[in-house]
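Trainee: I would like to learn how to read a structure feature by feature. Could you take me through one slowly?

Mentor: Gladly; let us put the structure in front of us and begin.

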Amino acid sequence: MPFNLTSNQKQTITWLSVALAFILLLSLLGPILMPFIVAAILAYVLNPWLDKLCLLKFRGIQLPRPIAATLMILLVVACILAIVLIMVPILQKQIPLLHNQIPLFLDKFNTLIGPLLHDFGIQASIDSEGIKALISSHLASSSDVIGKAVLSSIRVGGTAVLGMLANFILIPIVLFYLMVDWHSLIARLRNFIPRRWITQTESWFKEVDELLAQYLRGQMMVMVVLACYYSIGLTIAGFDLALPVGILTGLLVFIPYLGFGLGLFLALVSAVLQFSDLHGLIAVAIIYGIGQALESFILTPKLVGERIGLHPLTVIFALMAFGQLFGFIGILIALPASAVISVAAKNLRISYLNSSFYRQSQ
């Protein structure tokens, strides 16, 4: 029996095929879409503040949107530069001191731990002189190694380096145009939605927008709380660099594991350089152990997970699943993507419960 399609069904299949082909084309163009995707995410995040900035009046003159967008981009760039300027002095101050301080620390470690190991019948010690010679040789040849590495990267990966620089230059440009034309772009995208789906689609996008807004607010609260916690904790422990290390650890917590790992590394280096005994290392272990537990089991599930309607176990699973599927980028987008998926799953569940397939008893 031939299967006849109506005119509307044929049109639906045709346009769905066009949409599928467009999505496939975007997937093939994935390597060059990175700056556009990053700029789109930043434009989405910054647009509410841009709208408020455009409402301000200076001497009775309303601020034009292009100028407001330029100011917002400059503010973002300034924040990124501020983080870099916090990190660079710390690294410049601490890394050269490692040359002399690490062997001294190892000698003291031998003095403290050696007798304890001897009591248990273990004859072991750390060769601090050998480690000092190894560090000296590496530091002496570090400039040659770095030079060779730079030349090698220029020869082998010159195209990749140029592509990365082009992306860093392109992102602010794309961001500017997206922020200026944001509302008109949204209106154009709205006009592409089939009229029979417009109400339901707008309802879904509104719900997703509310969830993502709650996620951003929750994540910012986590960052502020942890920045205060690490700064105060390291200050109480007597660290000279408590404020920059604590603030940096808190601000980078939106990147799971990386922010904590970098802050932990800087705190350990500070402990080795500043303290002559194990006091600093023990303090770092306690402060960062409590901080990681606080973030993983209380702050992120309560302030982020609950705000987007996700169970704490779902938050943990989302981080692991997206990390496995998409790597480091997947970890970054795990929670906001889970918020979008939760909206789709909820509406799919409602459609399933209202379907004749579910309701039919026989």
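Trainee: Which residues make the nonpolar surface patch of about 490 Å²?

Mentor: Before I answer, keep in mind that this is a predicted model. The patch is made by Phe-22, Ile-23, Leu-25, Leu-29 and Ile-32.

Trainee: Which helix gives the largest share of the nonpolar patch?

Mentor: A general idea helps here: an α-helix has 3.6 residues a turn, so residues three or four places apart point the same way. In this structure, helix H1, which covers residues 7-28, supplies the largest share of the patch, namely three residues. Leu-25 has its place in helix H1, and with a relative accessible area of 44% Leu-25 is partly exposed.

Trainee: How many salt bridges does the structure hold?

Mentor: The general idea is that side chains of opposite charge can pair when their charged atoms come close. The structure holds two salt bridges. In one of them Asp-51 pairs with Arg-65, and the closest N and O atoms are 2.9 Å apart. This pair links distant parts of the chain, since Asp-51 is in helix H2 (residues 30-55) and Arg-65 is in helix H3 (residues 65-94), 14 residues apart.

Trainee: Are Asp-51 and Arg-65 buried or partly exposed?

Mentor: Asp-51 has a relative accessible area of 23% and is partly exposed, whereas Arg-65, at 17% relative accessibility, counts as buried. The cut-off matters in this step, because buried means under 20% relative accessible area.

Trainee: Which side chains meet in a salt bridge at 2.1 Å, N to O?

Mentor: Those are the side chains of Arg-190 and Glu-202. Arg-190 lies in helix H7 (residues 182-192) and Glu-202 lies in helix H8, so the pair ties together parts that are 12 residues apart in sequence. Taken from C-alpha to C-alpha, Arg-190 and Glu-202 are 8.4 Å apart in space. Arg-190 is partly exposed, with a relative accessible area of 36%, and Glu-202 is partly exposed as well, with a relative accessible area of 34%.

Trainee: How can I check the length of helix H8, and what span should its 39 residues have?

Mentor: You take a rise of 1.5 Å a residue and compare the expected span with the distance between the end C-alpha atoms. Helix H8, residues 198-236, should span 57 Å, and its end C-alpha atoms are 57 Å apart, which agrees. Just after H8, Gly-238 takes a positive phi of about 90 degrees.

Trainee: Which residues does UniProt list for "transmembrane region"?

Mentor: The unreviewed UniProt entry lists residues 20-46, 67-91, 160-180, 220-239, 245-269, 281-300 and 312-345. That list comes from a record, and we can set it beside the model. Residues 220-239 are 85% helix and 0% strand, with end C-alpha atoms 25 Å apart. Residues 281-300 are 100% helix and 0% strand, and the end C-alpha atoms of that span lie 26 Å apart.

Trainee: How many disulfides does a search of the whole structure find?

Mentor: The search finds zero disulfides. You can still read the surroundings of individual cysteines: Cys-54, at 9% relative accessibility, counts as buried, while Cys-228, at 41% relative accessibility, counts as partly exposed.

Trainee: What separates Asn-167 and Met-34 in sequence and in space?

Mentor: It is useful to read both distances together for a pair of residues. Asn-167 and Met-34 are 133 residues apart in sequence, and their C-alpha atoms are 7.8 Å apart in space. Asn-167 lies in helix H6, residues 142-180, and is partly exposed, with a relative accessible area of 21%.

Trainee: Where is the place of Val-245, and is Val-245 buried or exposed?

Mentor: Val-245 has its place in helix H9, residues 242-251, and is buried, with a relative accessible area of 1%. The C-alpha atoms of Val-245 and Ala-227 are separated by 8.9 Å, and these residues are 18 residues apart along the chain.

Key
Residues are numbered from 1 along each chain as its sequence is written. This is a predicted model: local features need pLDDT of at least 70, side-chain atom pairs count only at pLDDT 80 or more; totals for chains, interfaces and linings use all residues. Side-chain values use heavy atoms; hydrogens and water are left out. Patches are made of residues with over 30% relative accessible area and no salt bridge: like charges are joined within 9 Å, nonpolar side chains (Val, Leu, Ile, Met, Phe, Trp, Tyr) within 5 Å. Accessible areas come from the Shrake-Rupley method with a 1.4 Å probe; for residues, only the protein chains shown count as cover. A salt bridge is a side-chain nitrogen of Lys or Arg within 4 Å of a carboxyl oxygen of Asp or Glu. Helices (H or I, at least four residues) and strands (E, at least two) are DSSP runs, numbered from the N terminus. Buried means under 20% relative accessible area, exposed over 50%, partly exposed in between (1.4 Å probe, protein chains only). A disulfide is a pair of cysteine sulfur atoms within 2.5 Å. UniProt positions are given in the numbering used here, feature names are shortened, and annotations may be inferred rather than shown by experiment. The expected span of a helix is 1.5 Å times one less than its number of residues.
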